[in-house]
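Hi,

Here is the structure I promised to pass on. Have a look at it first, then read my notes underneath.

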Amino acid sequence: MGVPAAELRDVTREYGGGNALVRALDGVSIAFPAGSWTAVMGPSGSGKSTLLHCAAGLDRVTRGRVLLAGQEITGAPDAVLTGLRRRTMGFVFQSFNLIGSLTAEQNVALPLKLAGARVRRDEVRAVLAAVGLGDRLRHRPRELSGGQQQRVAIARAMVTRPAVLFADEPTGALDSASARTVLGLLRAMVDREGQSIAMVTHDPAAAAHADAVVFMSDGRLVDRLVRPTAREVADRLARLEAAPC
């Protein structure tokens with residue numbers, strides 16, 4: 001199977017203390033396979049976003065180990081984590097996080113500039129063309145639809161050729177047609193380019209595009225489905241949400 005794109009080993013994440021202690025992750029072990037797409041689902045408060053943030057080094061774990069492309073990042077200094085985020089990870093979020101004053105081309109080039117890498121205009125334009133926006137290079141975010149903005153965000157995440165793409169509700173702010181376009185693009189990236197994706201979503205239809213879906217409840221992994229249908233995902237999620245606390 002090779003080295004996982006990202007891996008958590010017996011990870012616990014706690015917030016607060018005493019009577020206010022919250023255990024968002026409780027001894028979680030999971031590997032996100034390289035060249036594969038894993039979706040993470042669960043009821044609200046199940047720990048799915050915390051899992052993604054810990055895997056990406058955006059949140060420190062209380063106990064356990066975190067590895068990115070085989071490299072231990074559990075106790076890595078902030079400077080090291082910042083470098084990894086600029087070179088080894090890509091991020092796509094529900095809110096797009098584009099800079100309004102920059103064009104699509106400039107937004108995509110930004111990670112390369114921040115990493116101190118050479119910015120080749122042909123590469124930036126090729127990535128935008130790959131997401132179907134080769135004719136929107138000079139458009140600013142306000143001149144693009146929500147689906148187009150999300151595709152710019154994906155291009156920006158991919159321009160550094162990251163080992164793993166972390167996506168947190170990437171279709172949550174999109175209409176159904178735009179969501180299908182974005183999900184189809186992510187699927188093609190996995191199938192054609194061997195991209196590794198770890199995605200949190202609440203949408204069974206989005207999760208059904210993934211190679212595997214893992215389910216969380218009360219900070220623990222409780223189930224896993226391989227290449228499920230949207231109906232299978234929805235049924236499993238409904239049973240989790242109906243379970244007594």
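Below are my notes on one strand and one pair of helices.

It's a predicted model, where local features need pLDDT of at least 70 and side-chain atom pairs count only at pLDDT 80 or more, while totals for chains, interfaces and linings use all residues. Residues are numbered from 1 along each chain as its sequence is written, and side-chain values use heavy atoms, leaving out hydrogens and water.

Start with strand β3, residues 37-41 (strands are DSSP E runs of at least two residues, helices H or I runs of at least four, numbered from the N terminus). It is largely enclosed by the rest of the structure, because 5 of its 5 residues are buried (under 20% relative accessible area, 1.4 Å probe, protein chains only). Trp37, Ala39 and Met41 cover one side, with Thr38 and Val40 on the other. In a regular strand, side chains alternate between the two faces of the sheet.

β3 pairs in the parallel sense with β8 (residues 197-200) over 4 bridges, and Thr38 stands opposite Ala198 there. Strand β9 (residues 212-217) also pairs with β3 in the parallel sense over 4 bridges, with Val40 opposite Val214. Pairing takes at least two DSSP bridges between the strands.

Now the helices: α3 (residues 104-114) packs against α5 (residues 146-158) at about 30°, axes 7 Å apart. That makes α3 roughly parallel to α5 (angles under 35 degrees). In α3, Ala104, Asn107, Val108 and Pro111 meet Val152, Ala155 and Arg156 of α5 (heavy atoms within 4.5 Å).

Cheers

Note on methods:
Axes fitted to C-alpha atoms, helices over the stretch in contact; angles between N-to-C directions. Parallel < 35°, antiparallel > 145°, perpendicular 65-115°, else oblique. Buried < 20%, exposed > 50% of the residue type's maximum accessible area, 1.4 Å probe, protein only.
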